[in-house]
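This report looks at a ligand site and at one pair of helices. The sequence and structure are shown below.

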Amino acid sequence: MFANERITAKGWNQDVRHFKYVLGDAAVIYPEEDANEVDDFLAKIGWKKVADKPFRIKRSQPTYYQSSLCVSSSLDIWTSQQYHGEASSNSYYTSHLMSRRGRSWKMEEFVAEEGADDLYEYCHFVRRNIKEVLEDCHSVQLPTQYVFNVFPPLRPRELSIASSIKKHPWRIQLCVAIVRYKTKMKPPRKGVCTTCIANFETGDKIYMSIRQGFIPRFPPSIPLIGVGHGTGLAPIHALVEERLTEQPSTSTTFYFGCPSATKDQHYASQMEDYARDPSKQFSYRVACLRDGLEGVKRTYVQGSTSRG
Ligand SMILES: Cc1cc2nc3c(=O)[nH]c(=O)nc-3n(C[C@H](O)[C@H](O)[C@H](O)COP(=O)(O)OP(=O)(O)OC[C@H]3O[C@@H](n4cnc5c(N)ncnc54)[C@H](O)[C@@H]3O)c2cc1C
């Protein structure tokens, strides 16, 4: 659990708290869009001149926003147009906002019931994002008051904390797979948050909060077996670090699965160093799915756990 302890005496006039995360908690990252991409996008939808003008959002309390700020940190311009739910309403609004001439284009068919399969092929299957849809529909004039109807909010993303607070008291370490993949669309698809993280330089700042994780507390006196694959090792890496930082009284075993021993065996040297030290009572087993000759039986994590 995320600890929230008062560290000034009860009754003292100032309430000072010590906050800390614990094993298994996740970092919740609030990503920002790339400034050049936002600029390019604002130019494409004709918002360049209005982008820095504050506008009012009517809620119970009036709130002011600048639309450029809004696009970079609050709205997801890369979201792919989903087949169901919230994002298919994007297509509805896009269709609605097309000029009469532009309506001859397929968008009106997409929002009709019989166009559902075509909409799936056009949007979801190739993970086409809203920016690309707007590029296809040249005639769409998007008034700024529709901004929240067309673009969903930019969601924060969760990433497991991969380090132990006992070993690294002032740091949070993450093990992050940068999301990037190909579809039939020419430009590769990119994850919003992990692309933002991948572009970080030392000293850059980002908003982050902590969410409680699911790993139960294990007393150090019981033997522990951890199993993880790829970046799924992150919380187990934290767990192993935590147990081995103090002199363990019992055994810890970690089974790790990855495609290749030499290409993506994360933290291999650290784990092997731990395993070489008899005082740590630590065993490290790896199953590398793609290593080995053609036709030779593959080793899976399940197989290595059953062999022990
Ligand atoms: C509690 C928790 C802990 C997590 N811990 C970690 C961690 O420690 N390390 C880590 O790397 N990740 C972790 N994740 C996963 C991570 O949060 C997601 O990968 C996240 O979506 C990445 O954000 P993004 O903005 O970069 O990608 P997004 O913009 O959210 O895009 C991700 C989406 O892209 C699509 N996608 C991705 N790859 C492909 C592909 N090859 N083909 C087709 N579609 C694809 C999928 O729909 C996926 O949902 C965790 C998730 C949770 C819920």
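In this predicted model, strand 6 (157-160) and helix 8 (192-198) each contribute at least two residues to the shell around the ligand. Strand 6 gives the largest share of that shell, four residues. The ligand has 17 residues around it, and E158, C175, A177, C193 and T194 come nearest. Sorted by class, the shell around the ligand holds nine nonpolar, four polar and four charged residues.

Polar atoms of the ligand pair with the protein at C175, at V192 and at T194. The table gives the atoms and the distance for each of these pairs.

| Residue | Protein atom | Ligand atom | Distance |
|---|---|---|---|
| C175 | backbone N or O | nitrogen | 2.9 Å |
| V192 | polar backbone atom | oxygen | 3.1 Å |
| T194 | side-chain N or O | oxygen | 2.5 Å |

The protein buries 60% of the 980 Å² that the ligand exposes when taken alone. T194, listed in the table with a side-chain atom, is also one of the residues that come nearest to the ligand, and so is C175.

The second topic is a helix pair. How do the axes of helix 9 and helix 10 cross, and at roughly what angle? Helix 9 (residues 234-245) and helix 10 (residues 268-276) have axes that come within 12 Å and cross at roughly 35 degrees. The crossing of helix 9 past helix 10 is left-handed. On the helix 9 side the contact is made by H237, V240, E241 and L244, which meet Q270, M271 and Y274 of helix 10. This contact comprises four nonpolar residues, two polar residues and one charged residue.

Note on methods
Residues numbered from 1 in each chain as written. Predicted model: local features only at pLDDT ≥ 70, side-chain atom pairs only at ≥ 80, totals over all residues. Heavy atoms only, no water. Axes fitted to C-alpha atoms, helices over the stretch in contact; angles between N-to-C directions. Left-handed = near helix turned anticlockwise from the far one by under 90°. Contact = heavy atoms within 4.5 Å. Nonpolar A, V, L, I, M, F, W, Y, C, P; charged D, E, K, R; others polar. Near = heavy atom within 4 Å. Polar contact = N/O pair within 3.5 Å; in protein donor to acceptor, adjacent residues only side chain to side chain. Areas by Shrake-Rupley, 256 points an atom, 1.4 Å probe, with all protein chains shown as cover.
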